[in-house]
Each structure stands twice: as C-alpha cells, then as structure tokens.
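Trainee: I should like to understand how the descriptive terms applied to a model are justified. May we examine the reasoning term by term?

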Amino acid sequence: MSRDGTSLAKNVLGVPGIVFLVLAAVAPLTGMVVIAAIGIAVGNGGGMVAAFLLATVVLLLFAVGYAQMSRVLTSAGGFYAFVVKGLGRTPGLVAGFIAMLGYNCFVAGAIGTSGFFTSTAIDDVFGLKLDWLFWSALSVVLVLLLSRRGIAVSAKVLGVSLILEVSILLVMDFSVLFRHGFSFAAFSPSVLFQGAGGLALLFAANAFIGFEATALFGEEAKDPKRTIPRATYIAIGFIGVFAAFTTWAVVSAIGAEQAQDVAAAHLSSGDLVLSVAQEYLGGPLTKVMLLLLVVSLFAALLALHNSATRYLYALGRAGVLPRLLGRTDPRNGAPRHASIVQLAFGSLVALGFRLAGLDPVADLTASMTGFGTLGILTLQLFAAVAILVYFRRTRDRRIVKTLIAPGLGAAGLGLIVTLAILNFPTLAGSSNGVVPLLPWLLLLVALAGLALAGWLRRFRPAVYAALETDLERDPAPRASDVVGQ
C-alpha cells in the first residue's frame, strides 16, 4: 500500500501480472487481425512467419542487456530512467519526452481504434448502430474506473482478456493444422526472398510494441530484480512464437506461395484473418472472434494507458512536469492525477478528429498510432544504446551479456527504426494529410527535450541534478531493491 501519496503500490505484481499487462498492450488478436495481415500483404507474403522469428531473435538479444540493466535500476521511469543512467540527464530528458508523447499519441489512436471496431462489431453482431465516438467515450470511462482501482485490478482484468483472445486464435490455428496441415513452403527461399523483406521485419517488430513496459512496473513488482527480467523474456518469447505460429496457420490456409496476393486482396477490408476463421471456425465462432477483437482493443487501451501514465508520473515525481502528476492514491498507489491527464489528452485528440469529420482509422489511428509506434521504437533504440554505454563505462566483464548480445540487439533495432522512418506512411497505413511528415515531429520532440534540459540546468539546477539521483530513490525501499547486483 502507498501511504505518503507519492509512492506506487508495492509488491502487488508477480511475473504473471506483469506478463498480462505487457501482452495485453501487445494485443495478440489485434496484432494478428491487423498487423500480421498487413505485413503479409505489403511485406514478403508467407515469409512473414520467418520475419516474426527474426524479430524475436533481435529483441531477445536486446533483452539480455535489458535484463542486466533492470537488476541495476528499478524505476517507474522505464526506458527513460535507463537512458538517464546510461547516457546522462540531457539524453534522458529527450528519451522521456519521446516516451511521453509516443505513448500518449498511441493511446489517442487506440481510443479511436477501439471506438471504431466496437461500433462495427456491435452493428454486425447485434444490429445496433451507434457512432464510434460513443464507444470510444465508454472505453475511456471504463479505463479510468479500472485504473483508479490500482494496477493489481488492471492485471486481473487483462489476464482474463488475454486468455480469451489467445484461446480463440489457438482454436483456429489447430483447426488449420488438423484439417489442412502447415505448409513448409513458407520457409522456402522463393517465398522468403520475395517482396519487401524489410517491411515484413518492420511490421513483425510492430507486433511487439508494448513489451518494453515490463520496466515501468518495476516499483510495483515483487522482487523486481528477478521478476522484471523473467517477465521480459517470457513476454518476448510468447509474442514471437505465438505470432509466428498463428501467421503460419494463416499463410498455410491461404497458400504460402500466393499469400501476398491473397492478403493484398483483403487489405482494404482488413478481414484476411476473419476470412480464414470463417472457413475453419464457422460463422458463430467467427462472430465470437469479432467480439473478442473488441475486448482485445479495450485491453490494449487499458494496458497502454497504464504505461503512458507511469511516464507522466515519473516525470512529475522528478519535477520535470507538475509535481501533482507524481502524486498517488494513498489507498492503492494508483497515479490518479496522471491517469486523468493522460485520458483527457487522448480524449481531446479523438474528439478533435471527430469534430473535424476525419476518419477514426485512416486519419486518427493512422497518425496517432503510427507516430506512437515510431516513438516507442526510437525509445527502445535509445535504451539499447544506453545499456551498452553504461556497461562499457562501468567496465563490466560479462562481454556476452553486456556487449555482444545487446550490441546485436541494438543494431537490429537501429535497422528497424530506420525502416520505420523510411516507410512511415506504410507503417501508419495512410499517406493522408500530414501523416508522411510526422517523423519530423520526433525531431521537434527531441529538440524540446534538449531545450528543457538546458532551461532546468540554468534555472532549476536542483531539479536537473535530481534527475539522476532520483533514479536511486525508492519511496518505500526494500532490502531486495538495493541498487546493484
């Protein structure tokens, strides 16, 4: 429990709870219905299976260094705290701003996505047609109510959601396996090297967005120096294997050799996976899958909100943002003020798009989720470099764990971020309006972080100095949380 109004709840999340929070943000069902289907269409078709496996390898290599760093530092600041620890306060503020804006934009896009698909699903299944803004508003209210109950409640809700959405996909996967069999043509050179392999890797990496949130819950975890690394490995491994297995089922069902053409034909309707479900699960279970897609999107919104809130909380606690954001509910440790501000931002953005008559998917989701994805990928790269620098600066002798493996992971992430910038309209799923120009916003955010760092250093030196020392502070320290391995 939190008693001083500035502490998050302690000892409330074990490995399963953190894994549920992370995997819910990843939203496996949404990832397969949307991201994997687009990757098959615009990437290299059936080679998307191998792209998921390659992305898994890259992120597991990164996770080796990440695990070592999480044993050195436990902070609600997540990767922002890692960058401060490894690269210093000014780069850390830049990373913090990228994280804050990236996650908040992602939530704004998720509000639109949740509202649109809920409206579509309810209309298809029950014949009740309501504007997407109504369902978005309902989702926001439910997220606010759940988040105010504390992180443990969110973890339980997300755990149920995760089990349901994974289960329906596994039923479809094994139906394909037993009735049709899986095609090993997906791994043949003619399939692997067709199309745009770089785009396939980019969309595969996109399906992992959210795994980095394990670090954000370190202060609320039980024995975080063991819990966080384990949860990270489990989350990355599960996402990669599950996504590859389900994608293999889909491309086998439609034919590995012609998967790209078939997926491209379904691209505008977005129903590739649902069409496979219709054939292998039947109409009633496909409707269940459609409803579970709504549950998946809401779960992702709740999980991403929790992540975005903790960046606001960490920056508020440090004094970079108003300190009110660093206050928590003394009863359950929930960062209530940060939660309200975060949802208000996302809701106002969604409302602005609605009042402007813009499309919730082609405009709101494309711009906000697209930029959020780019921001989070960039944050991951920042953290990867910070981890390498920190362990080299401290002359750590574990060369494989702190140099080779995380170095290869950082190189892979660098490639993925480059692909994201060069192919941003494809990543966002739209070239409408200002969408192609949004990567420049990343530069503006970085400049804002640099400007704020300079201002703090000159006019609020105590706050600037505390950016690093605050990382060592646990508001309610435990013996197992002493910094160091």
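Mentor: Let us begin with exposure: a residue is called exposed over 50% relative accessible area, buried under 20%, and partly exposed in between. Please keep in mind that this is a predicted model.

Trainee: Why is Lys 129 called exposed?

Mentor: The relative accessible area of Lys 129 is 65%. The term exposed applies over 50%, so Lys 129 is exposed.

Trainee: What makes Lys 129 and Asp 123 a salt bridge?

Mentor: The closest N and O atoms of Lys 129 and Asp 123 are 3.8 Å apart. A side-chain nitrogen of Lys or Arg must lie within 4 Å of a carboxyl oxygen of Asp or Glu, and therefore the pair qualifies. Asp 123 has 26% relative accessibility and so counts as partly exposed. In the whole structure, five salt bridges are found.

Trainee: Which parts of the chain does the salt bridge of Arg 354 and Asp 131 link?

Mentor: The side chains of Arg 354 and Asp 131 meet at 2.9 Å, N to O. Arg 354 belongs to helix H14, whereas Asp 131 is in the loop between helix H5 and H6; the two are 223 residues apart and link distant parts of the chain. Arg 354, at 30% relative accessibility, is partly exposed, and Asp 131, at 36%, is partly exposed.

Trainee: Why is the ring pair of Phe 174 and Phe 245 called tilted?

Mentor: The ring centres of Phe 174 and Phe 245 are 5.5 Å apart and the planes stand at 50°. Pairing requires centres within 6.5 Å, and planes neither under 30 degrees nor over 60 apart count as tilted; the pair is therefore tilted. Phe 174 lies in helix H7 and Phe 245 in helix H10, 71 residues apart in the chain. The relative accessibility of Phe 174 is 35%, so this residue counts as partly exposed. Both rings belong to a cluster whose members include Phe 178, Phe 182 and Trp 248.

Trainee: How is the ring pair of Trp 455 and Phe 459 classified, and why?

Mentor: With centres 5.8 Å apart and planes at 40°, the rings of Trp 455 and Phe 459 form a tilted pair, because the angle falls between the limits for stacked and edge-to-face. Trp 455 and Phe 459 both lie in helix H18, four residues apart, about one turn of the helix.

Trainee: Is Ile 35 buried or exposed, and why?

Mentor: Ile 35 has 16% relative accessibility and so counts as buried, the limit being under 20%. Ile 35 is in helix H2. Leaving aside neighbours within four places in sequence, its contacts are Thr 30, Phe 203, Asn 206 and Ala 207. The C-alpha atoms of Ile 35 and Phe 203 are 6.4 Å apart, with their places 168 residues apart in sequence.

Trainee: Why can Leu 138 belong to the nonpolar surface patch?

Mentor: Leu 138 has a relative accessible area of 35%, and a patch residue needs over 30%; Leu 138 therefore meets that requirement. The patch covers about 720 Å², and among its other members are Phe 126, Phe 134 and Leu 145. Helix H6 gives the most to it, with five residues.

Trainee: Which elements have the lowest and the highest mean pLDDT?

Mentor: Helix H19 has the lowest, 83, and helix H14 the highest, 94. Over residues 472-485 the pLDDT is below 50. The chain averages 87.

Terms used
Residues numbered from 1 in each chain as written. Predicted model: local features only at pLDDT ≥ 70, side-chain atom pairs only at ≥ 80, totals over all residues. Heavy atoms only, no water. Patch = residues over 30% accessible without salt bridge, like charges linked within 9 Å, V, L, I, M, F, W, Y side chains within 5 Å. Areas by Shrake-Rupley, 256 points an atom, 1.4 Å probe, with all protein chains shown as cover. Buried < 20%, exposed > 50% of the residue type's maximum accessible area, 1.4 Å probe, protein only. pLDDT = per-residue confidence, 0-100. Contact = heavy atoms within 4.5 Å. Phe/Tyr/Trp six-rings, centres within 6.5 Å; stacked < 30°, edge-to-face > 60°.
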